[in-house]
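This report describes the fold and overall dimensions of a single protein chain, followed by the packing of two of its helices. The sequence and structure are shown first.

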Amino acid sequence: MVGTRAAIRYAKAVLSLAIDNNKANEVYSDMVLINSFITENKSLNNALRSPVVNLSDKASVLNRLFPSVSSEIKSLLSTLVKNKRVNILGQIAVQYGVLYDQVSNKEKAFVTTATPMTPELESKVMKKLKSLTTKDVTLHKSVDEKILGGFVLRLGDQQYDASVSNQLNTLKNKFTIN
């Protein structure tokens, strides 16, 4: 993805500044807000990426949308405008979240089930996650009827697929190979 390296560098710089100023949590909240605005509003995303839209107009829109963000974010926005890199603001917000989680000893786990999780199943999954990592885990749940049953759990770069559809595919492959 174009600008990913630059986004990581900007995110690292903002995180470093935020940690120095004891505002890492506040900046994280601002980054979540910025990322949600950009991902949910396609016209804003298109305007920020468009070479046709003037930089001053982009800066004006961002200042009006985010008037109460931290000084670190305001500094980032002005730097991006000055360096003509406003188009990667969304990527910077995402990368900041990743870096913030690393520094805060947090990790995100994703579980997909065929039906909504019961509280009992969720507690079992959380117990299993606690045994897999020493980090503070946040569980993100989703429902996908295509897996038919069971669940798919992803933590970092590890994935455990205990779905019925995966078991059926494995069985199908065994029959077709032999």
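## Secondary structure

In this predicted model, the protein contains eight helices and four strands. Read from the N terminus, the order of elements is α-α-α-α-α-α-β-α-β-β-β-α.

## Dimensions and contacts

The radius of gyration of the protein is 21 Å, whereas a compact globule of 178 residues would have a value near 16 Å. The C-alpha trace spans about 65 × 35 × 30 Å along the principal axes of the protein.

Of the contacts in the protein with a separation of 6 or more, 69% are accounted for by residues 24 or more positions apart. Of the 178 residues in the protein, 35% are buried.

## Surface and charge

The exposed area of the protein is about 11,300 Å², and 53% of this area is supplied by carbon and sulfur atoms. The protein carries 24 positive and 15 negative charges, and the mean positions of the two sets lie 7 Å apart.

## Helix α4

Helix α4 comprises residues 55-65, and its buried residues are K58, A59 and L62. Viewed down the axis of α4, these buried residues fall within an arc of 100 degrees, so they line one face of the helix. The general geometry of the α-helix is relevant here: with 3.6 residues a turn, residues three or four places apart point the same way.

The face of α4 turned away from the buried side bears S56 and R64, which are exposed. Three helices pack against the buried residues of α4, namely α3 (42-49), α5 (71-82) and α6 (89-103).

## Helix α3

Which residues of α3 are buried? They are L44, N45 and L48. Seen down the axis of α3, the buried residues lie within an arc of 100 degrees, so they line one face of this helix. K42 and S43, on the other side of α3, are exposed.

The cover over the buried residues of α3 includes α2 (24-40) and α4. The relation between α3 and α4 therefore appears from both sides: α3 is among the helices against which the buried residues of α4 pack, and α4 is part of what covers the buried residues of α3, each helix having its buried residues along one face.

Definitions and conventions: Residues numbered from 1 in each chain as written. Predicted model: local features only at pLDDT ≥ 70, side-chain atom pairs only at ≥ 80, totals over all residues. Heavy atoms only, no water. Helix = DSSP H or I, 4+ residues; strand = E, 2+ residues; numbered from the N terminus. Rg over C-alpha atoms; globule rule 2.2 N^0.38 Å. Buried < 20%, exposed > 50% of the residue type's maximum accessible area, 1.4 Å probe, protein only. Contact = heavy atoms within 4.5 Å. Areas by Shrake-Rupley, 256 points an atom, 1.4 Å probe, with all protein chains shown as cover. Lys, Arg positive; Asp, Glu negative; His and termini not counted. Charge placed at Lys NZ, Arg CZ, Asp CG, Glu CD. Arc of directions from axis to C-beta.
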